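Q: Please take a close look at one part of this structure and explain how it is placed among its surroundings. Begin with a single residue and work outward from there.

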Amino acid sequence: MEIFDPRVQHDFVNGIVEGKDVKISKKYYRDAKHFYLNPDASLADDTLMYQVYSYSEGNSEQVGNLNWGLTVLKPVSVNQECNMTRGHFHENLDCAEFYFGLGGEGLLLMMKEDGTCFAEKVFLNSLHHIDGSVAHRLINTGNEDLKVGACWPTIAGHDYERIEKHPFGARVFKKDDELVIEEDK
Ligand code: F6R
Ligand code: MN
């Protein structure tokens with residue numbers, strides 16, 4: 001029997017996924033400013049808001065194959081609104097996802113298809129099952145990087161347009177070090 005080195009390493013403590021086929025995507029403020037209620041003109045366009053590591057093997061159209069991911073969300077605020085991911089529904093609403101907290105503090109904001117919003121607290125070792133039909137967005141409510149791992153089917157896809165047409169009905173701000181949640185009426 002041959003014994004191989006793993007093709008990928010996930011440094012859970014430092015929040016890095018390394019390996020030949022690992023993809024890294026970075027989201028800068030210039031491409032994120034429209035997420036926020038009041039964009040901040042004083043924030044530089046090249047401010048790094050979050051980065052996503054992702055890894056998969058084999059045919060991504062093969063039912064049953066999985067993606068592995070890590071999101072590192074910076075502790076930036078935009079006119080007091082906490083930094084967050086763009087957020088999405090999966091294109092394939094049968095595809096659930098696991099998220100797990102690896103560092104920092106935040107919220108996993110979720111929205112059902114009928115628009116009902118709810119959230120779970122995210123912290124080191126928290127584990128979150130996201131139903132396939134539920135939109136999801138991470139929010140960094142702390143003062144350090146929020147690091148969150150993920151595992152989801154390669155056939156899930158991302159439907160961002162649906163969120164742009166029907167945005168999450170809740171926003172999270174930090175004012176005088178207190179979290180303030182503003183919900184649509
Ligand atoms: C994959 C998934 C995560 C997010 C990542 C960035 O289905 O949920 O890997 O893609 O947290 O968030 P978005 O994609 O909303 O910018
Ligand atoms: Mn997802």
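A: Two residues are in contact if they have heavy atoms within 4.5 Å of each other. The model is a predicted one, and the starting point is Thr141, in the loop between E12 and E13. Is Thr141 buried or exposed? Its relative accessibility is 10%, so it counts as buried, since the limit for that word is under 20%. If neighbours within four places in sequence are left aside, Thr141 is in contact with Cys82, Glu105, Gly106, Leu107, Val172, Lys174 and Leu179.

The next step is Ile139, which belongs to strand E12 (135-140). Not counting residues up to four places away in sequence, Ile139 touches Leu73, Cys82, Asn83, Met84, Glu105, Gly106, Leu107, Leu109, Leu146 and Val172. Cys82, Glu105, Gly106, Leu107 and Val172 appear among the contacts of both Ile139 and Thr141.

Ile139 also leads into the largest nonpolar core, which has 35 residues. Ile139 is one of those with the most contacts inside this core, together with Tyr36, Met49, Tyr99, Leu108 and Leu138. The elements that give two or more residues to the core are strands E4 (48-56), E9 (106-111), E12 (135-140), E13 (146-153) and E14 (170-175). Of these, E9 gives the most, with 5 residues. There is also a second, separate core of 9 residues, with Val8, Val22, Tyr53 and Leu70 among them.

Leu138 of the largest core is touched by Thr71, a residue of strand E5. Thr71 has a relative accessible area of 13% and is therefore buried. Its other contacts beyond four places in sequence are Tyr50, Gln51, Val52, Thr85, Leu146, Lys147 and Val148. Thr71 and Gly149 are 78 residues apart in sequence, while their C-alpha atoms are 6.4 Å apart in space.

Val52, one of the contacts of Thr71, also lines the largest pocket. About 540 Å³ of space lies in that pocket. Its lining has 27 residues, and Ser25, Val52, Trp152, His158 and Tyr160 lie nearest the centre. Two or more lining residues come from each of strands E3 (23-28), E4, E5 (66-73), E8 (97-103) and E13. E4 gives the most to the lining, with 7 residues.

Tyr160 is found in the loop between E13 and helix H1 (161-165). With a relative accessible area of 26%, Tyr160 is partly exposed. Apart from neighbours within four places in sequence, Tyr160 is in contact with Arg86, Gly87 and His88. Asp40 is 120 residues from Tyr160 along the chain, and 23 Å separates their C-alpha atoms.

His88 brings us to the metal. Which protein residues are donors of the manganese ion (ligand 2)? They are His88, His90 and His136, each through NE2, and Glu97 through OE, at 2.1 to 2.3 Å from the ion. Both His88 and His90 are buried. Along the chain the donors follow the spacing H-x1-H-x6-E-x38-H. Why is the arrangement called octahedral? The 6 donor atoms around the manganese ion subtend angles of 73 to 173°, which makes it so. For comparison, ideal angles for six octahedral donors are 90 or 180 degrees.

Glu97, one of the donors, is also touched by His128. His128 sits in strand E11 (residues 127-130), and its relative accessibility of 2% means that it counts as buried. Leaving out residues up to four places away in sequence, His128 also touches Phe98, Tyr99, Phe100, Leu108, Glu120, Lys121 and Val122. Tyr99 and Leu108 were named above, among the residues with the most contacts inside the largest core. The C-alpha atoms of His128 and Gly101 are 8.4 Å apart, and the two residues are 27 apart in sequence.

One last place takes us back towards Cys82, which Thr141 contacts. Asn79 lies in the loop between strand E6 (77-78) and strand E7 (81-82), and Gln80 lies in the loop between E6 and E7 as well. Asn79 has a positive phi of about 50° although it is not a glycine. Gln80, also a residue other than glycine, has a positive phi near 75°. Asn79 is partly exposed, with a relative accessible area of 37%, and Gln80, at 40% relative accessibility, counts as partly exposed too.

Notes
Residues are numbered from 1 along each chain as its sequence is written. Chains are lettered from A and ligands numbered from 1 in the order in which they are written. This is a predicted model: local features need pLDDT of at least 70, side-chain atom pairs count only at pLDDT 80 or more; totals for chains, interfaces and linings use all residues. Side-chain values use heavy atoms; hydrogens and water are left out. Donors are N, O and S atoms within 2.8 Å of the metal (3.2 Å for Na, K and Ca); water is not among the atoms, so sites may look incomplete. Four donors count as tetrahedral if all angles lie between 85 and 135 degrees; four count as square planar and six as octahedral if opposite donors are over 155 degrees apart and all others between 65 and 115; anything else is irregular. Buried means under 20% relative accessible area, exposed over 50%, partly exposed in between (1.4 Å probe, protein chains only). A nonpolar core is a set of buried Ala, Val, Leu, Ile, Met, Phe, Trp, Tyr and Cys residues joined through side-chain atoms within 4.5 Å. Helices (H or I, at least four residues) and strands (E, at least two) are DSSP runs, numbered from the N terminus. On a 1 Å grid over the protein atoms alone, a cavity is a set of points where a 1.4 Å probe fits but cannot get out, and a pocket is an open set with protein on both sides within 12 Å along at least five of seven lines; lining residues have an atom within 4 Å of a point. Grid points are joined across faces, edges and corners, and a volume is the space filled by probe spheres set on the points.
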